[in-house]
Amino acid sequence: MDPRHLELLRRLDELGSVTAVARATYRTPSAVSQQLKQAARELGHTLVEPEGRGLKLTTAGRLLAAGGKDVASAIARVQADWEDYLGEASGDVRIAGLPSALTYLMPAALQQLRKTSPGIVLTADDVDLAEHEFAALTSDVDIVIAHSLVSARPAATEGLTVESLARERIDVAMSDEHRLAGRDELSPDDLVNDRWVSVPEDYPFATIMSSIEQVTGCELEVTQRIRDNRLIEAIVASGDHLALLPRFTTPHNAGLTLVPLSGVSATRWIVAVMAPDTAERAAVKRVLEALRANA
């Protein structure tokens, strides 16, 4: 049994299509298809079958894909043990995640790793996605920093390793001159007569706005839907709009006031999402320790 075939089936199970496997492994779809056929010939069983325009794993294929995950995790554990034996975790660790969380976690973690683990090279890419889209990034990077307002496991992360890093309140943001800026706390009923800047509808913060609407029975007036927090901050600080913004990284000295929200759930989990084998790497564990220590 060729471990490379197990790895290929594992990738197909995780990524869902030959095209995605080809892109992740820097091969052509034709080459991936040929390797799947070769695996089937050598093992003597049908491993994939047509589904629409693509392929899906058969029962035999899913069994071997699960074995591929076990093999990958075992190799990663041996690698981690070897690095521990050598006395120093090292190597490249790639992170991708939402900017507001990386802004909070990354600077101090980089400083700590320079002092304690100089053999680790940490690089980051900022992406702002809908909650269910973060999981797919684990095929390209080692650690995905995601968030969820519903639970400590974001949507679509089944089968992946999820580590909680921090809990963060989401506050109501307004200009310093806004009529609500002097309040110590706000309830949903306080917010129904204002105009809002929001995120796209399938983004986590939109869940809070939906909860406000459900509690009050009133539809909020959303005039803009924007992904970038800095742009949202600028609009809110210069006018009469409200917005929901994270407490840790929203500036308090730029014409903005943050007021806590009660009456609905307004706390998010910030988590690290990884492929199970990647989570076993000693360097990845060290990076997680640095991120968590400064959360």
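Alanine 156 is a good place to begin in this predicted model. With a relative accessible area of 40%, alanine 156 counts as partly exposed, because that class covers values from 20% up to 50%. The residue is found in the loop that lies between strand β5 (143-148) and strand β6 (161-175). Its backbone deserves a glance as well: phi of alanine 156 is near 70°, which is a positive value in a residue other than glycine.

A pair of strands comes next. Strand β7, made of residues 195-198, pairs with strand β8, made of residues 221-225, in the parallel sense, and 4 bridges join the two. Within this pairing, tryptophan 196 stands opposite valine 222 of β8. To get from β7 to β8 the chain passes through helix α6 (residues 204-216), and the resulting β-α-β crossover is right-handed.

Two helices complete the picture. Helix α1 (residues 3-15) and helix α4 (residues 59-86) have axes that come within 7 Å and cross at roughly 105°. Angles of 65 to 115 degrees count as roughly perpendicular, so α1 is roughly perpendicular to α4. On the α1 side, the contact is made by Leu6, Glu7, Leu9, Arg10, Asp13 and Glu14. On the α4 side, Gly61, Leu64, Ala65, Gly68, Lys69, Val71 and Ala72 take part. Sorted by character, the residues of this contact between α1 and α4 divide into 6 nonpolar, 5 charged and 2 polar.

Notes: Residues numbered from 1 in each chain as written. Predicted model: local features only at pLDDT ≥ 70, side-chain atom pairs only at ≥ 80, totals over all residues. Heavy atoms only, no water. Axes fitted to C-alpha atoms, helices over the stretch in contact; angles between N-to-C directions. Parallel < 35°, antiparallel > 145°, perpendicular 65-115°, else oblique. Contact = heavy atoms within 4.5 Å. Nonpolar A, V, L, I, M, F, W, Y, C, P; charged D, E, K, R; others polar. Pairing = 2+ DSSP bridges. Right-handed = clockwise from strand over helix to strand, strands pointing away. Buried < 20%, exposed > 50% of the residue type's maximum accessible area, 1.4 Å probe, protein only.
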